[in-house]
Amino acid sequence: MGTDPQQAAGKPAAKRQFRIWRGDETGGDLQDYTVEVNEGEVVLDVIHRLQATEAPDLACRWNCKAGKCGSCSMEINGKPRLGCMTRMSTFEEAETVTVTPLRTFPVIRDLVTDVSFNYEKARETPAFAPPADVAPGDYRMQQIDVERSQEFRKCIECFLCQNVCHVIRDHDENKPAFSGPRFFIRASELDMHPLDTRTDRKEYAQSEMGLGFCNITKCCTEVCPEHIKITDNGIIPMKERVVDRRYDPLVWLGNKIFRRGQVPQTSATSGHSSGAVTSGAAHGGVHSHAGGSHDSGAERQAQQGVNWQREVPHPTAPAVDSSGKLPLTELTFDRAAAPSPFGDDVEFPLPAEHLNFAHPQQDEPKH
Amino acid sequence: MRARAAIAAKTLRTDRWWLAPLITVVGLSAWVIYATVRVFMHDFYWVADYHYLTPFYSPCVTERCVEGASHFGSFLPGWWIIPDAALTLPFLLLFRLTCYYYRKAYYRSFWLSPPACAVPDGHDSYSGETRFPLLGQNLHRYFFYAAAIISLINTWDAIYAFHSPEGFGFGLGNVILLVNVVMLWAYTISCHSCRHIIGGRLKHFSKHPVRYKAWTAVSWLNVRHMQLAWITLGTLAFTDFYVMAIAANWFNDLRFIN
Ligand code: SF4
Ligand code: SF4
Ligand code: FES
Ligand code: FES
């Protein structure tokens, strides 16, 4: 008689009760499953077992199974959690485990939701702005200066905080005006960053990201799998920085009298609330990295070495979606795979004749 | 626009998520009722023999104040509606009302916005702290300055209380007053606004080593801000009760010296 492999591996496998939401945007409901659970397993293992057995069409997003990719966000017994980091041993033997998709975002199918909202907010958040006169590679900073920002770099973009935040979870109409905790810590990260030169991040956070909607009830901190102190170290310091600028009567009076500290009107601080920050670079214009000039003088110079002025033909513009931007996800776009931000006719590595640099001896015969 | 998943249950949480807001409601309500009763009692706030003054009446500034309790003079009329510490109590109230921790506590428990995480908000619409009156929460910093000054006054009260009819004196009441003052300082210094002012607002800690040290210390306390918020409610009520009991002669102070 052969031994049961499960028995050989330790405790015998037990059958557990699961309720999993199945459906899509047209509707759905909780369905019951009885699944085998082994010692040491997490909720994501059980979902994989279901896919391998009775529910092969159960949709679920996952990637690393190590709590580091942020893909497997779901709600387990009503709490936003990572499926791969929720151990089955945290539940009672007889307990039914209920698994549902994230509530705050539109559902695609079963446990998979469309989290584009977060990518849109990410795109609206002004990027890191290093000093113009320091070249990348020459950035120098001290550890104690950059420490606070580093806490926020632990974010794995699981969007559990975005999902739990009642400002949008319970009030969908706030979505356009509210960026959410993940992007508040992004704003704090950059505002505290020793090398960031943007001075309007506080105003931007208040007027465009909807920092004032947050009532610091700390649910984002409660669910963050990276244990980032989102509220205490990110949102509250940001609120205090806004107070410095906006609600400090002494500062306000000083500004009135001396007319200083006016917010420069950039696209980031203008009145519109859609909030998208457009890049300053004009589309079109001379593209430096695709080549073949029609100016023979410049062409000759280029043959002597570097000539940044050489005019090169414009590559085709990248494929954009109806909003005029690169699509956020494949899901919301009409073709498979992400389009190249450089345009479809640019290939890497660039062909030698498309470069602005020519080796002085390139025409000499090679040996 | 795609639709959200149609999940019938408002929350699927299976734990006792309602317990924490319930405890908060009971705890805060009990404290507010006790404090209101005491503030309008206008009695039993001063022990003349030992110079014990309850924090609820410090400094006493109305005409009905007994001699000794009013170090700043008594210039306000003695109507019962005016608290005897009318200069300080409103600021202390506003300080705690706009405190980031208490905000979390009462938004969750009294206002149900949200009662617990992943439990629906009790209201149909929500604008958070974006407009009047909640926009006023941003004034917390100014109430922090006021509270720091009031803590100085409370410290003076605790020192002044080392007294007996014979001169210097020291009893259990002094220990209680001192513990209360130390806790009040800890709560006040652990304030988020304080953490910001002391160093949090800097961009380059390396250029301000002293403020960085101070910020590190305040941050250590700040992590315990919630605990300190509850501890000080306890020490305030207990100190007040002890002074009331001695003043009303319910029992005698335990004296160590004189
Ligand atoms: S603390 Fe603010 S951002 Fe975080 S969940 Fe609560 S309301 Fe949302
Ligand atoms: S801050 Fe935390 S909860 Fe929010 S997306 Fe990042 S890792 Fe997830
Ligand atoms: S699968 Fe990567 S975080 Fe869970
Ligand atoms: S007193 Fe609580 S945050 Fe200031």
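In this predicted model, the charged end of Arg103(B) sits over the ring of Tyr100(B), at 4.3 Å from the ring centre. Chain B offers a further example of this arrangement: Arg224(B) lies over the face of Trp220(B), and here the distance from the ring centre is 3.9 Å.

Let me stay with the aromatic residues. Over all chains, the structure holds 26 aromatic pairs. One of them is formed by Phe95(B) and Tyr187(B), whose rings meet edge-to-face. A pair of aromatic rings is described by the distance of the centres and the angle of the planes. For Phe95(B) and Tyr187(B), the centres are 5.7 Å apart and the planes stand at 70° to each other.

Where in chain B do these two residues lie? Phe95(B) belongs to helix α2, residues 89-97, and Tyr187(B) to helix α5, residues 172-189. With their positions 92 residues apart in the numbering, the pair links distant parts of the chain.

Are the two rings' residues buried or exposed? Phe95(B) counts as buried because its relative accessibility is 3%, under the 20% cut-off. Tyr187(B), at 1% relative accessibility, therefore counts as buried by that criterion too.

The pair also has company. Phe95(B) and Tyr187(B) belong to one aromatic cluster together with Tyr101(B), Tyr102(B), Tyr142(B), Phe144(B) and Tyr145(B).

I turn now to chain A, and to strand β3, which covers residues 73-76. Ser73(A) and Glu75(A) point one way from this strand, while Met74(A) and Ile76(A) point the other way. Which of these four are buried? All of them are, on both sides of the strand.

What are the partners of β3(A)? One is strand β4 of chain A, residues 79-82, which runs antiparallel to β3(A) and is joined to it by 4 bridges. Within that pairing, Ser73(A) stands opposite Leu82(A). The hairpin of these two strands has 2 residues between them, and Asn77(A) takes a positive phi near 50° there. Another partner is strand β5 of chain A, residues 97-100, again in the antiparallel sense, over 2 bridges. In this case Ile76(A) stands opposite Val99(A).

Finally, chain A as a whole. Its secondary structure comprises 12 helices and 7 strands. Of its 367 residues, 47% are buried. Among contacts between residues at least 6 apart in sequence, 64% join residues at least 24 apart. Chain A exposes about 18,800 Å², of which carbon and sulfur atoms supply 53%.

Terms used: Residues are numbered from 1 along each chain as its sequence is written. Chains are lettered from A and ligands numbered from 1 in the order in which they are written. This is a predicted model: local features need pLDDT of at least 70, side-chain atom pairs count only at pLDDT 80 or more; totals for chains, interfaces and linings use all residues. Side-chain values use heavy atoms; hydrogens and water are left out. Buried means under 20% relative accessible area, exposed over 50%, partly exposed in between (1.4 Å probe, protein chains only). Contact means heavy atoms within 4.5 Å. Accessible areas come from the Shrake-Rupley method with a 1.4 Å probe; for residues, only the protein chains shown count as cover. Rings of Phe, Tyr and Trp (its six-membered ring) pair if their centres lie within 6.5 Å; planes under 30 degrees apart count as stacked, over 60 as edge-to-face and the rest as tilted. A charge sits over a ring if NZ of Lys or CZ of Arg is within 6 Å of the ring centre and within 35 degrees of the ring normal. Two strands pair if DSSP finds at least two bridges between them.
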